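Here's a quick tour of the aromatic rings in this structure and the charges that sit over some of them. Have a look at the model, then read on.

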Amino acid sequence: MKKSILLTLSISLTLISGSAFSEERGIGGVESLRGTAELEVTRAADPMKKVPRDQVDIESSYVFQPPLIPHHIRSYEVSLNANKCLSCHGWKNAKQMGATKISVTHFTNRNDEVLADVSPRRYFCLQCHVTQADAKPLVGSSFERVQSLQK
């Protein structure tokens, strides 16, 4: 009796796992923001978004929002050895380049100690700052600017 129950259970589990395996192939009927492309097929890349040439100040939408980048940054290098952003926005060259200085908040570490140079946790600018592009939002949003920031 015990053997027949175990045999029935093992056959059932085999059938269920086989059906699950066939569902895992492809997209399994799920559509994502990437569309309906099958996972095994490499689809063509989306066209590059257009980044407008130099723009005027882009206003913040919420308090503590990292400022958006109002210019093109394609081929800017930001790595352990180089940071193209700091060549204009670093305090040493900002005035001469006509660029906004990086915030003083970027010179403090996690313990609120003031550093002589940009904090390593703030060094990789593109982790927080993005360029403004004419990209269509992927999902809808009902976000409204903070009242105090509206003019």
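You'll find 3 aromatic pairs in this structure, which is a predicted model. Two of the pairs are described below, followed by the lysines that sit over rings.

**Tyr-62 and Phe-143**
- These two rings meet edge-to-face, with 6.4 Å from centre to centre and 85° between their planes.
- Their pair links distant parts of the chain, 81 residues apart: Tyr-62 belongs to the loop between helix 1 (2–24) and helix 2 (84–89), while Phe-143 is in the segment after helix 3 (94–97).
- Tyr-62 is partly exposed, at 38% relative accessible area.
- Phe-143 comes out at 51% relative accessibility, so it counts as exposed, the cut-off being over 50%.

**Trp-91 and Phe-107**
- This pair is edge-to-face too, because the planes are at 75° and the cut-off is over 60 degrees; the ring centres are 5.8 Å apart.
- Trp-91 is in the loop between helix 2 and helix 3, and Phe-107 is in the segment after helix 3, so their pairing ties together parts 16 residues apart in sequence.
- How buried or exposed is each partner? Trp-91 is partly exposed at 44% relative accessibility, whereas Phe-107 is buried, with a relative accessible area of 13%.

**Lysines over rings**
- Trp-91 has another partner to look for: the charged end of Lys-101 sits over its ring, 4.7 Å from the centre.
- Over at Tyr-76, Lys-84 lies over the face of the ring, 5.7 Å from the ring centre.

Conventions
Residues numbered from 1 in each chain as written. Predicted model: local features only at pLDDT ≥ 70, side-chain atom pairs only at ≥ 80, totals over all residues. Heavy atoms only, no water. Phe/Tyr/Trp six-rings, centres within 6.5 Å; stacked < 30°, edge-to-face > 60°. Helix = DSSP H or I, 4+ residues; strand = E, 2+ residues; numbered from the N terminus. Buried < 20%, exposed > 50% of the residue type's maximum accessible area, 1.4 Å probe, protein only. Lys NZ or Arg CZ within 6 Å of the ring centre and 35° of its normal.
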